Amino acid sequence: MGAYVIRRLLQMIPIVIGVAALVFVLFTSVGEDPARVALGQHATPEALAELRAEWGLDQPLWKQFLDFLVQIVSFDYGRSFNTGEKLMEKFQQGALVSLSLTVFPFLLGTLTNIAIGLLIAYFRGSWLDRISTALFVGSMSISYLVYIIAFQYLLAYEAGLFPINGYESGWSGLQYLFLPWIIIIVVSAGPDIRIYRTVFLDETKADYVRTAFAKGASESAVIFRHILKNALIPILTHVVISIPFLILGAFLMERFFSIPGVGDIMINAINTGDFPILKGLTVLIAIAYTVFNLVTDLLYAWVDPRVQLS
Amino acid sequence: MRRTSIDPRTTLGILLGLLGALTVLAGCGGEEPATPGNGKKIFTDARRSAHKSLDPPRQFDGASAEIIMNVYDTLVEYDYLARPYRLAPGLLESMPEKGPDGRSYTFRLKQGVRFHDDDCFEGGVGRELTADDAIYSIKRFADANVNLKSWVLLAGFVTGLDEFREKTRELGKGVDYDTLEVPGLRKLDDYSFEVEFTRENPLALFPFAMTSMAILPREAVEKYGEDFASHPVGTGPFRIKQFSFRGTMILEKNPNYHGTYPSEGAPGDAEAGLLAAAGQRLPFLDEVHMPLIEEPQPAMLKFKKGELDWIGIDKDNFPNMAYQDEEGRFHLKEEFAEKYHHYAAPRLTAEYFSFNLQDPLVGPNRALRQAIAYAVDTPAFIELILNGRALPLQTIVPQPIAGSERDTGFQYYRRDPEMARKKLAEAGYPNGEGLPELVFEYRAATKDARQGFEFIRNELAEVGIRAKASFNTFSAFLKKLESSNFQIASAGWQADYPDAENFFQLVYGPNRTPGPNSSTFSNEEFDALYERTRYMENGPERFALFAEMAQIMKDEVPLLLRFNSIAFGIYQKDVLNMKRHMLIDKPYKFLDKKAEAMPAAEAPAP
Amino acid sequence: MSAAAEGFAAEEVVVRGDSLLRRAWRTLRRDRLAVISFAVIALYVAVTLLGYAGLLPDMQERVGEKYEPPSLSFAKLLGTDIFGRSILYKILAGAKTAMTIGFIVTGISLPIGIGLGALAGYYGGRVDAFVVWLYSVISSVPSILLIVGISYVLEKGITAICIALGVVSWIGLCRLIRGEVIKHRNREYVLAVRLLGAGDVTIIFRHILPNVFHLAIVTASLSILSAIKSEVILTFLGVGIQDGSSWGTMITDATGELVSGIWWPLAGVSGAMFLIMYALNVAGDALRDALDPKLID
């Protein structure tokens, strides 16, 4: 077990290097040019050259890439081009904010969605199944933006149930999060329930279900003792793998509700070519992602002793 | 495996519990944060984007400037009320006096101006501002290791300053400015110094009003190093109470501020109540709250709830809230006019299509460019796409700047499909036959750019010209302009200073790419006229020459002039002294709020 | 069911592949909703083909005044936009774009996913390590970032979007196929064929893939769906399709117009999206049932 974990952690190294190379190629060589964006109508060749030199963009690409690898190892991504903020501080603050936005609705949403998914799978083929499928697909056909604008207008502005937007840390800031939470739960319901329904349906087709019925097991026993348990593996995969991306928050939410999280930082960095932010964020998320992948596999073994870690 | 089985009843219980909790908590969410009244005057105004740096010479973006102009002071600043825009003394006692050589100016500082209290000073008490600070700040502005963004606006102006910049580049970071003399900067005494310019130049003082040239204390730069960008120490009307990049920035009143409200205004200002505070000590507000709200929709909802004091109206909300009458005046719809005041003021911008004269198709074919100019209906564009919030440009100079069509009386092209077809035939493409599809470059992929092009595409199609668009990222767009790798570009210019020269230089030959003249227009007659008017004082003589220049631009069409957009905004009725100034984006120090109505209990008994 | 019996059943499928299709068809025909869904998909495909044949009405044509609400004339059935263009015509043009993206993305991701998944699962070892590395790298980068990055490389437009979405969307399928192939690799029927002297290529293509192909079909129907949705988000970020002939641009524009009480563009395009997404969902489900060899009694 210990050896397995160590081996898996070692496998992270080539993955992180791969991610670093990918991000480096995509953004350093072809993305927005931060110097041009910063200078705008006064982008003279001299000014561009000076600004690039200041940011180390005049260095040969291989050297920039090596510096990047050093940053990854030392966990110090330097300062943002645009604001000069220390990135690790910025990420830490931003990640906490993003998590406060996403974790609660994720947990609550996942539980409800699994329950509803199971319910619908149980009644598969019936009118309930069809109507709810139509409902969830319908909810998926409406743009995320429309939910935000409509909920903000109706619930916050017209009904006055919530503040329109804003953010504060600590318990008093909770009031600002309710509406975004509700929207996230509503928006994630459609796609999630669809996935869970499929997962449960797949399990109902498995051999052991037929065997169980053949042995005379009652329907509820089959559902709860067999199907739910066996469906845990695909569900776990889906859930655990989603966690690292919770750090990124929901950038549209963050924009519309003025929540200073990481998602909005990333979108702004894309638009202004702030490479240090893009590089730092991607690598951190990639590390988190691989770690959570490992966690999933460990959970598999825990859920199902037949799975051997080798 | 028993340990992993989930009891459905437990699950349901948890679910219901959480839902219940959510409902209860949601109920509490309705309470608005108590308005922190207690007699304080608080002005709330949203920022549209996060600032980049509060170190004056290191920033060159609107969001940073908005804060810096309220925390720092410049030597000269724009007069808040005067129109057309003109300079007024800022940290100076009076406007700099020109010496007998016409090139040297004496700057006399106000006495008794103190920096904000800060730990970088002895005992934490702000010290008095002196001529040394001004010279230090000008040198730091010129330091090649510090100012990478706005130097170009002072380059070549001050005797010896360009050489100084080269020296700092050679010596690297952390140069001791005292060891490098600049011949054009001479300290006379603690409160006065002389600046010698390289030539007689009426534009020379404008750069001293830029936020990048704000005056700052050496102690703070040395104490805070790189963090100086988030730790400003100025002499301005406000100082930072709560610093935040992406949350709410809070400014608080500097009780020792030296400035006073202007005592003279433009015609009509007195009637509008803008002179009620004449001569009073600034600022009037106790605090300014600046939350970051990037999207227009929530900002408007907050404004309507009374949580913001001031907002510009975006395109989507405009038709709901306001309209333009037949004479072109703007009004708020009745229900909003009862609650809010509004303003409509032209910006200092010019939007145009730039023809790349190096392009083999549009470059050599003047008649083709003229055909396009005749095909486009700018007033209709303004009405449909911009809800009327723009003025068609008649010359490259926007209306609020001296030398615009208001002074020259010049008229640009009007849409005339007949003429367009005639010119098209003259260009060698009767009814557009044989003319390849033209490519328009845009600097963003926004809805406005897309719809704007769609309008143009249709107008051109009516006379037989086919066009398509390429929507670039901003840097890709600039790169195309810089390398003359485009055909027609939708470009614009925002005034660096309110003088017509700043706009005519856009087609001045020597400013060709990679300079701001991206169409690479080069016309001897125009260049000679430009050079004559460049350093001339405004007046009938200069305006007459402008008309000649405008005529050349109309004949040759290096740029197809389009419009000068209008800023339209609304503010709450209790806000006082609001007059939209395009060079003072956030004039918090002049603004005031009506004192809150006395609570009923304290009202005198009848 | 013993392993041997299962192997036999699978073998039977391979030998009489046509009967699987016939059986699938029979199952599908019984499900009326599924038939309707296939009809809807066929309709969208027809619109796409008409679009390529140049037979759709011109979406640029100005059929009325600006912002006319829906009325009973064909062109104005769903109202008009800011330029007086027909929303219906724009939706049709957008359907063409959406379907094109859906099919091309699936066309890219399906072969890559199946190919790499089968190779990795069958050969294991270094090949497997490489494929796993490749998809681990791609899936650990947030896909928005990856797609925006790729569209910078390829400039904007429909090709860039298709390739970018294709590059990120093969991973799920690849994982799935790899897992299934590993399962099948050591089953008796494969061992038997190998003993009979069949080469690796024959085994993979003739014997293993047909047994996992139903997964690919189902994934394809879902992949079309997610490609259509992604286009909308990309357009909001400014890297989508720009000439107004896509649902993404329509939705981005319409969301702002909603504030001024102009609801019909959004309603129209959301409705068009709902129809095709619902049809793809139902069809995907039905196909899953009809094609799954496990369910053949």
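The questions and answers below concern a predicted model.

Reader: Which element gives the most residues to the side of chain C that touches chain A?
Author: The contact takes 29 residues from chain C and 33 residues from chain A. On the side of chain C, the elements that give two or more residues are α5 (125-140), α6 (143-153), α10 (200-236), α11 (247-259) and α12 (264-291). With seven residues, the element that gives the most is α12(C).

Reader: How many residues of the side of chain C that touches chain A are nonpolar?
Author: That side holds 29 residues of chain C. Two of its residues are charged and six are polar, and the nonpolar ones number 21.

Reader: Which strands stand at the edges of the sheet β4-β5-β7-β6 of chain B?
Author: This open sheet has four strands in antiparallel pairing. A strand with a single partner has one side left without a neighbour in the sheet, so the edges are β4 (97-98) and β6 (185-189) of chain B.

Reader: What is the bridge partner of R186(B) in β7(B)?
Author: β6(B) and β7 (residues 192-196) of chain B run antiparallel and are joined by four bridges. Across this pair, the partner of R186(B) is E194(B).

Reader: What angle does helix α3 of chain B make with β6(B)?
Author: Helix α3 (residues 131-142) packs on that sheet, where it touches β5 (104-108), β6 and β7 of chain B. Its direction and that of β6(B) make about 170 degrees.

Reader: Which residue stands opposite T248(B) in β10(B)?
Author: A second open sheet of chain B has the order β1-β10-β9-β8, with mixed pairing. Within it, β9 (residues 248-253) and β10 (residues 287-291) pair in the antiparallel sense over five bridges. Opposite T248(B) stands P291(B).

Technical notes
Residues numbered from 1 in each chain as written. Chains lettered and ligands numbered in written order. Predicted model: local features only at pLDDT ≥ 70, side-chain atom pairs only at ≥ 80, totals over all residues. Contact = placed C-beta atoms within 7 Å. Nonpolar A, V, L, I, M, F, W, Y, C, P; charged D, E, K, R; others polar. Pairing = 2+ DSSP bridges. Axes fitted to C-alpha atoms, helices over the stretch in contact; angles between N-to-C directions.
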